[in-house]
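Open the model in your viewer and keep the sequence panel beside it. The tour below goes from one selection to the next and says what is there.

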Amino acid sequence: AAMLAIAAVPLFIAAGAAIDFVRLSAAQTHVQAALDASALAAASIKDATVAERIAFANATFDLNVKQGAAATLKPTAAFQVIEEKVVSTASLQMPTTFMALAGIDMMNGSSQSEVGIILDKKAEVVLVLDYSGSMGEEVGGSIKYKAMRDAASSLVENL
């Protein structure tokens, strides 16, 4: 019983640390998605000044982090326009729950993103086709991967 009691404390802290790391990972994923969306939005504005791009990126980031895993953590973001690219970084601090028992009160997270500014009307289109097992099922009278292949071919012909 004494050995179990002694071993239970570090095991409880280790399990709690895993939970805190999962929470941090979810918050970082949320911040990264908001950062990517903000940088893409700022880079896609046609004929905007640097100040307009940065203001739009900040407003978009603020809207995107209002709800979700990082909403209560109040992450901060910084945007710059460098050499025809919107460069962005974000950081957050998350108070720990279980790791506080081991004396670790905060965990830090950060994200970064870089998006090229659209200077002309040219675009690249990338198609990723899924040929996994689920695509062999029949839906609407045809096999999924064959319908997908035909739709992709039609898209390329139309473009």
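At what angle do α1 and α2 pack, and how far apart are their axes? In this predicted model, the two helices pack at an angle of about 150°, and their axes are 8 Å apart. An angle over 145 degrees counts as roughly antiparallel. α1 and α2 are therefore roughly antiparallel to each other. The crossing in which α1 passes α2 is right-handed.

**Stop 1: the contact between α1 and α2**

Select H30, V31, A34, L35, A37, S38, A41, A42, A43 and S44 for the α1 side of the contact. For the α2 side, select R53, F56, A57, T60, F61 and N64. Show the side chains of both sets.

**Stop 2: helix α2**

Now select residues 50-64, which make up helix α2. With 1.5 Å for each residue, a helix of these 15 residues should span 21 Å, and the C-alpha atoms at its ends are indeed 21 Å apart, so the two values agree.

Which residues of α2 are buried? They are R53, A57, T60 and F61. Turn the view to look down the axis of α2: the buried residues fall within an arc of 100°, so they line one face of the helix. On the other side of α2, pick A51 and L63, which are exposed.

To see what covers the buried residues of α2, add α1 (2-44), β1 (76-82) and β2 (85-95), which are among the covering elements.

**Stop 3: S88 in strand β2**

Stay with strand β2 and select S88, which is placed there. Is S88 buried or exposed? Its relative accessibility is 1%, and buried means under 20%, so S88 counts as buried. Leaving out residues up to four places away in sequence, S88 touches L35, A39, A78, F79, S111, Q112 and S113. Add S38 to the selection as well: S88 and S38 are 50 residues apart in sequence, and their C-alpha atoms are 8.7 Å apart in space.

**Stop 4: S110 in strand β3**

Move to strand β3, residues 106-116, and pick S110 in it. S110 is exposed, with 54% relative accessible area. Its contacts, not counting residues up to four places away in sequence, are Q28, A90 and S91. A distance drawn from the C-alpha atom of S110 to that of Q32 should read 8.4 Å, although 78 residues separate the two along the chain.

**Stop 5: F21 in helix α1**

Go back to helix α1 and select F21. How accessible is F21? At 48% relative accessibility, F21 counts as partly exposed. F21 touches M99 and M107, with residues up to four places away in sequence not counted. From C-alpha to C-alpha, F21 and M107 are 8.5 Å apart, while in sequence they are 86 residues apart.

**Stop 6: two loop residues with positive phi**

Finish in the loops. Select K74, found in the loop between α2 and β1. What is the phi of K74? The value is near 50°, which is positive in a residue other than glycine. K74 is exposed, and its relative accessible area is 64%.

Then select E83, in the loop between β1 and β2. E83 is not a glycine, yet its phi is positive, at about 50°. With a relative accessible area of 71%, E83 is exposed.

Notes
Residues numbered from 1 in each chain as written. Predicted model: local features only at pLDDT ≥ 70, side-chain atom pairs only at ≥ 80, totals over all residues. Heavy atoms only, no water. Helix = DSSP H or I, 4+ residues; strand = E, 2+ residues; numbered from the N terminus. Expected span 1.5 Å × (residues − 1). Buried < 20%, exposed > 50% of the residue type's maximum accessible area, 1.4 Å probe, protein only. Arc of directions from axis to C-beta. Contact = heavy atoms within 4.5 Å. Axes fitted to C-alpha atoms, helices over the stretch in contact; angles between N-to-C directions. Parallel < 35°, antiparallel > 145°, perpendicular 65-115°, else oblique. Left-handed = near helix turned anticlockwise from the far one by under 90°.
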